[in-house]
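Today I sat down with a new model and looked up a few things. Here are my notes, in the order I made them.

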Amino acid sequence: MSVLTAGPSRSDLVADAALALLAERGMRGLTHRAVDEAAGLPQGSTSNLARTRQALLELAVRRLAEREARVLALHEMPDPRAGTGSLADALALATHRALTRNRELTLARYELALEATRRPELRAYFDATGARFREQLAALVTGMGSTDPARHTLSLIAWADGLMFSCVAGSFGAEVPSLEEVRAGLRELLDGMLGA
């Protein structure tokens, strides 16, 4: 007896095609017609799911959040009692995955983040989808004894985002640090913040 597994929903197929186009062609390359072609769907399929550009962008942001949650593996984050070494290990693994196996997803995120600076309605949607990770990270640093969890959370996110941007789209674009190098940088940052 064979077990049938459902493929991705049409909504996910469209959103995944949109993210791939963003990474490959940038914001200008994201059109309803291009998404239909990239997803292998009949013309008009994307418009049926997302009538406006804003709706298409929101669909892409929602799917980005789902896929990045798997990359970041929030369920793998350690118990705060495990100490800064465990948090550095978990964050390093998530950051390194974003730099290597999920580089295109990271590029798409930067395209969407920049577009959100020009579209307030997208900015609100984009920020809301990232709140889950920020809240969990704040809870972790609080549990580790942070004296200023909001500032420490911002520092950790800024460090990881800065590293990813530099290595994916910036001046270090041809160089990807090893997992050990990412871990060492995070450990230095965490030790300095939390006094470990």
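I counted a contact wherever heavy atoms lie within 4.5 Å. Helices are DSSP runs of H or I with at least four residues, strands are runs of E with at least two, and both are numbered from the N terminus. A note to self: this is a predicted model, where local features need pLDDT of at least 70, side-chain atom pairs count only at pLDDT 80 or more, and totals for chains, interfaces and linings use all residues. Residues are numbered from 1 along each chain as its sequence is written, and side-chain values use heavy atoms, with hydrogens and water left out.

**Overall fold.** I found 9 helices and 0 strands in the protein chain. The C-alpha atoms fill a box of roughly 55 × 50 × 30 Å along the principal axes. Of the contacts with a separation of 6 or more, 68% join residues 24 or more positions apart.

**Burial.** I called a residue buried under 20% relative accessible area, exposed over 50% and partly exposed in between (1.4 Å probe, protein chains only). Buried residues come to 44% of the 196 in the protein chain.

**Helix α1.** Which residues of α1 are buried? I listed Asp12, Val14, Ala15, Ala17, Ala18, Leu19, Leu21, Leu22 and Ala23. These pack against α2 (32–39), α3 (45–49), α4 (53–72) and α6 (103–116).

I also checked the length of α1 (residues 10–25). The expected span is 1.5 Å times one less than the number of residues, so its 16 residues should cover 22 Å, and the end C-alpha atoms are indeed 22 Å apart. Just after α1, I noted that Gly26 has a positive phi of about 80 degrees.
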